[in-house]
Amino acid sequence: MKRVLVTGANGQLGLAIKAATAAYPELSFVFTGKKELDVTSPQQIDAFFKANRFDYCINAAAYTNVDKAEEETAAAYALNENAPRLLAEACKQHNVFLIHISTDYVFDGTKGESYTTVDKPKPINVYGASKLAGEQALAAVGGDSCIVRTSWLYSEYGNNFQTKILEKAKTAPHLQVVSDLLGTPTYAPNLVVFLLNKINDSAFTSNVEHFSDGKTMSWHALAKRLTQIEIKEIASETLNLKAKRPKSTSLI
Ligand SMILES: NC(=O)c1ccc[n+]([C@@H]2O[C@H](COP(=O)([O-])OP(=O)(O)OC[C@H]3O[C@@H](n4cnc5c(N)ncnc54)[C@H](OP(=O)(O)O)[C@@H]3O)[C@@H](O)[C@H]2O)c1
């Protein structure tokens with residue numbers, strides 16, 4: 001039986017993992033939200049790892065509000081850089097394999113084709129920069145860990161593009177969604193299958209991996225897939241978003 005700790009367990013990815021556990025009888029899970037394990041607290045991490053034994057830790061905790069991160073820079077770095085560093089140190093000390101989730105937003109979106117794991121990251125907003133700093137912190141600590149970059153996660157779990165679109169569609173006659181930003185949307189349960197199968201098969205190696213559903217599209221195209229109501233195209237610049245968005249960040 002492999003023991004798997006999932007941090008940030010009340011977020012979208014954590015909830016999607018929780019929903020999938022029955023399909024993995026050879027894995028035993030411990031789910032912790034911020035209340036059970038604040039991943040920014042060295043004392044809590046230390047005590048938790050001393051009191052419990054794990055084989056894997058999936059770090060699904062993160063600061064994910066891309067626009068707010070432009071102002072709450074310290075909070076974004078505390079969760080996206082310092083927390084992975086603390087978890088990597090604890091995992092190294094206790095022989096736990098750390099699976100850390102990162103993002104397509106580490107790239108600037110100007111490549112003109114899909115990003116591979118050997119492309120050099122160059123974030124253009126605080127969220128992306130803080131996530132890249134987290135990746136670099138893992139590399140600096142060493143130990144057994146895999147960075148899994150994914151993109152445009154959506155699902156019925158937590159708060160995300162799908163849940164927001166479907167909520168708005170209940171009352172709006174039509175919606176406007178940007179059509180000039182491209183990426184590879186990823187249904188969170190598909191990422192979960194990728195992660196848990198790899199744990200089940202002991203197939204993780206210390207590495208950087210990309211996982212997406214593989215089809216490049218705009219937010220507008222994704223919205224059209226998710227709802228029947230009319231979706232009009234708008235340009236991202238008309239929204240005056242606080243954070244710059246990379247134009248095209250498909251992952252392969
Ligand atoms: N969502 C996307 O489109 C997307 C795309 C690419 C990559 N990713 C990456 O995928 C991963 C999972 O994303 P997600 O969509 O599941 O994000 P999410 O729904 O925002 O979940 C993040 C979770 O972290 C928790 N958290 C916050 N502070 C914490 C703390 N101090 N200690 C422990 N937990 C804490 C949050 O709890 P509270 O809500 O209570 O603060 C939340 O439940 C992240 O690493 C993200 O960067 C996401």
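A residue counts as buried here if 20 or more other C-beta atoms lie within 10 Å of its own, and as exposed if 12 or fewer do. Keep that pair of cut-offs in mind, and keep in mind too that this is a predicted model. With the definition in hand, helix 1 is a good place to try it out: its buried residues are Q12, L13, G14, L15, A16 and I17. These residues pack against strand 1 (2-7), strand 2, strand 3 (56-59), strand 4, strand 6 (153-154) and helix 6 (188-200).

Now step back and look at the whole chain. The protein chain has seven helices and twelve strands. Its radius of gyration is 18 Å, close to the 18 Å that the globule rule gives for 252 residues, so the chain is as compact as a globular protein of that length. If you lay the C-alpha trace along its principal axes, the span is about 55 × 35 × 30 Å. Of the 252 residues, 42% are buried. The chain also brings distant stretches of sequence together: among contacts with a separation of 6 or more, 81% are between residues 24 or more positions apart.

What about the inside? In soluble globular proteins, nonpolar side chains tend to be buried together. In this model the largest nonpolar core has 58 residues, and C57, I58, L87 and I99 are the ones that touch the most other members. Helix 3 (residues 73-93) is the top contributor to this core, giving seven residues. There is also a second, separate core of five residues, with I165, V177, W219 and A223 among them. Take I58 as an example: leaving out residues up to four places away in sequence, I58 touches V4, V6, I17, I99 and L195. You have already met I17, one of the buried residues of helix 1.

Helix 2 (residues 42-51) shows how one helix can have two sides. I45, F48 and F49 are buried. Looking down the axis of helix 2, you would find its buried residues within an arc of 95°, so they line one face of the helix. The spacing fits a general rule: an α-helix has 3.6 residues a turn, so residues three or four places apart point the same way. On the other side of helix 2 sit Q43, A47, K50 and A51, which are exposed. And the partner for the buried side? The buried residues of helix 2 pack against helix 3.

Next, find the ligand. There are 25 residues around it, and G8, G11, Q12, A61 and A62 come nearest. Helix 1 (12-20) and strand 4 (97-103) are the elements that give two or more residues to this shell. Sorted by class, the shell has nine nonpolar, 13 polar and three charged residues.

From G8 it is a short hop to T32, a residue of strand 2 (residues 27-32). The two are 24 residues apart along the chain, yet their C-alpha atoms are separated by 6.2 Å. T32 counts as buried because it has 22 C-beta neighbours inside 10 Å. Its contacts, setting aside neighbours within four places in sequence, are L5, T7, A9 and L37.

Other spots are more open to view. K122 belongs to the loop between strand 4 and helix 4 (126-141). With 15 other C-beta atoms within 10 Å, K122 is partly exposed. Beyond residues up to four places away in sequence, K122 touches F107 and D108. M217 is 95 residues away from K122 along the chain, and 21 Å separate their C-alpha atoms.

E237 comes in the segment after strand 12 (230-234), and it is exposed because it has 10 other C-beta atoms within 10 Å. To get a feel for distances across the model, pair E237 with K35: they are 202 residues apart along the chain, and their C-alpha atoms are separated by 38 Å.

Finally, two asparagines are worth a look for their backbone angles. N95, in the loop between helix 3 and strand 4, has a phi near 55°, a positive value in a residue other than glycine. N95 is exposed, with 11 other C-beta atoms within 10 Å. N240 lies in the segment after strand 12, and its phi is positive as well, at about 50°, although N240 is not a glycine. With 6 C-beta neighbours inside 10 Å, N240 counts as exposed.

Definitions and conventions:
Residues are numbered from 1 along each chain as its sequence is written. This is a predicted model: local features need pLDDT of at least 70, side-chain atom pairs count only at pLDDT 80 or more; totals for chains, interfaces and linings use all residues. A residue is near a molecule or strand if its C-beta atom, placed from the backbone, lies within 6 Å of it. Helices (H or I, at least four residues) and strands (E, at least two) are DSSP runs, numbered from the N terminus. Ala, Val, Leu, Ile, Met, Phe, Trp, Tyr, Cys and Pro count as nonpolar, Asp, Glu, Lys and Arg as charged, and the others, Gly among them, as polar. Two residues are in contact if their C-beta atoms, placed from the backbone, lie within 7 Å. A nonpolar core is a set of buried Ala, Val, Leu, Ile, Met, Phe, Trp, Tyr and Cys residues joined through C-beta atoms within 7 Å. The radius of gyration is taken over C-alpha atoms; the globule rule is 2.2 Å times the number of residues to the power 0.38. The arc is that of the directions from the helix axis to the C-beta atoms.
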